[in-house]
Amino acid sequence: MTASSTSTETSTNVDREHAERTTVADPLGPESLTWKYFGDLRTGMMGVWIGALQNMYPELGAGVEEHSILLREPLQRVARSVYPIMGVVYDGDRAARTGEQIKRFHATIKGTDADGRRYHALNPETFYWAHATFFMLVIKVAEYFCGGLTEAEKSQLFDEHVAWYRMYGMSMRPVPATWDDFQAYWLRVCRDELEINQATLDILSIRIPKPWFVLMPTSVWDQMFRPMVAGQRWIAAGLFDQAVREKAGMRWTPGDEMLLRLFGKLVEFAFIAVPDEIRLHPRALAAYRRAEGRAPQDAPLVEAPGFTAPPRDRRDLPMHYAPRQKSLFERAGSLVHTTFSLAGLRGGAAPGPKKLRRAA
């Protein structure tokens, strides 16, 4: 092979990757299964599961260990980060812009880990693994807590996760071609690449510090959250692949599996009575309202509450999403709006997503 042919081949590969990365994809909409499940409150039960899986990926774990302040303010950190993450699914024509925003947060997260391995949060394989865990979050929450999925629905969700990933403008090179290929990819990474590191141990043993704005004794707070974290750890053990459970030293019996399935059914039935104003993340609820015509298409995107902002000494760092602080009048307006929205349910107002499903 001549130098000129090698150069031509390299140029062709670069051009192909650029074309894949810049291909315009339609954003997901209310007819998608991803919209149905991703914004559901029940995904919150899987925080330890997804946090551990992400941190077990070596490059992700290194980035968290060196750059994250998750242990300093875990509730605020998760609460604010979920808003733009939800936006890549629910922001419609603005979803790609939200995806770019998330990429910018990760641009400076890079370095060398304790074993001398270099890492960068925008490495395509690393970035895609994080996305893969969000996709599997949808699969798991639907399977265990929302009534289950058919194989056809799993394949549909896979196709949707590809369109969802395109919103980031990242290289599509790591993305498997089919649902079957993805399952092989997932098993391989869980078996051969994930590792127990300090970032993972921190998640599995996490303690939730009392936020400054919560007016209760710390001892009472700790007693409230200790069983919640233990429950999430138990759910994580059940949802982990066997290879991950073995690495984490977790035990799971057939009795545990039966109990988790029963718990999932109880959760499924309990949520039949939960209104969408409570069940859905605010970014998702706003998207359904726009889709129904109950809010303008160009209505401002819902941002995280100001009290979830990063600590003052971190707010100027490019890796942090810092929601705009609302004025006192804006906070009062939000409170009144939410109060009347919930009160309207007692008058028979139909929740947004369910109304759309009836019309479909």
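In this predicted model, D40 and R279 form a salt bridge in which the closest N and O atoms are 2.7 Å apart. D40 sits in the loop between α2 (33-38) and α3 (47-56), while R279 belongs to helix α14 (residues 276-279), so the pair ties together parts that are 239 residues apart in sequence. Both partners, D40 and R279, are buried. The pairing also belongs to a wider arrangement, since a network of salt bridges links D40 and R279 with R42 and D276. In general terms, side chains of opposite charge can pair when their charged atoms come close.

The structure holds 19 salt bridges, and two others can be set beside the one just described. In one of them, D113 pairs with R117, with 2.7 Å between the closest N and O atoms. For the accessibility of these two residues the cut-off matters: buried means under 20% relative accessible area, so D113, at 11% relative accessibility, counts as buried. R117, at 34% relative accessibility, counts as partly exposed, because that class lies between the 20% limit and the 50% above which a residue is called exposed.

A further salt bridge joins the side chains of R283 and E303, with an N to O distance of 3.8 Å. R283 is located in helix α15 (residues 282-292) and E303 in the loop between α15 and α16 (328-345), and the pair therefore ties together parts that are 20 residues apart in sequence. With a relative accessible area of 3%, R283 is buried, whereas E303, with a relative accessible area of 37%, is partly exposed.

From paired side chains we can turn to a pair of helices. Two packed helices are described by the angle between their axes and the distance between the axes. For helix α11 (residues 218-239) and helix α13 (residues 254-270), the axes come within 10 Å and cross at roughly 110 degrees. Angles of 65 to 115 degrees count as roughly perpendicular, and α11 and α13 are therefore placed in that class relative to each other. The crossing in which α11 passes α13 is left-handed. On the α11 side the contact is made by W234, I235, G238 and L239, and on the α13 side by D256, E257, L259, L260 and F263. Sorted by class, the residues of this contact between α11 and α13 comprise six nonpolar, one polar and two charged.

Methods
Residues numbered from 1 in each chain as written. Predicted model: local features only at pLDDT ≥ 70, side-chain atom pairs only at ≥ 80, totals over all residues. Heavy atoms only, no water. Axes fitted to C-alpha atoms, helices over the stretch in contact; angles between N-to-C directions. Helix = DSSP H or I, 4+ residues; strand = E, 2+ residues; numbered from the N terminus. Parallel < 35°, antiparallel > 145°, perpendicular 65-115°, else oblique. Left-handed = near helix turned anticlockwise from the far one by under 90°. Contact = heavy atoms within 4.5 Å. Nonpolar A, V, L, I, M, F, W, Y, C, P; charged D, E, K, R; others polar. Salt bridge = Lys/Arg side-chain N within 4 Å of Asp/Glu carboxyl O. Buried < 20%, exposed > 50% of the residue type's maximum accessible area, 1.4 Å probe, protein only.
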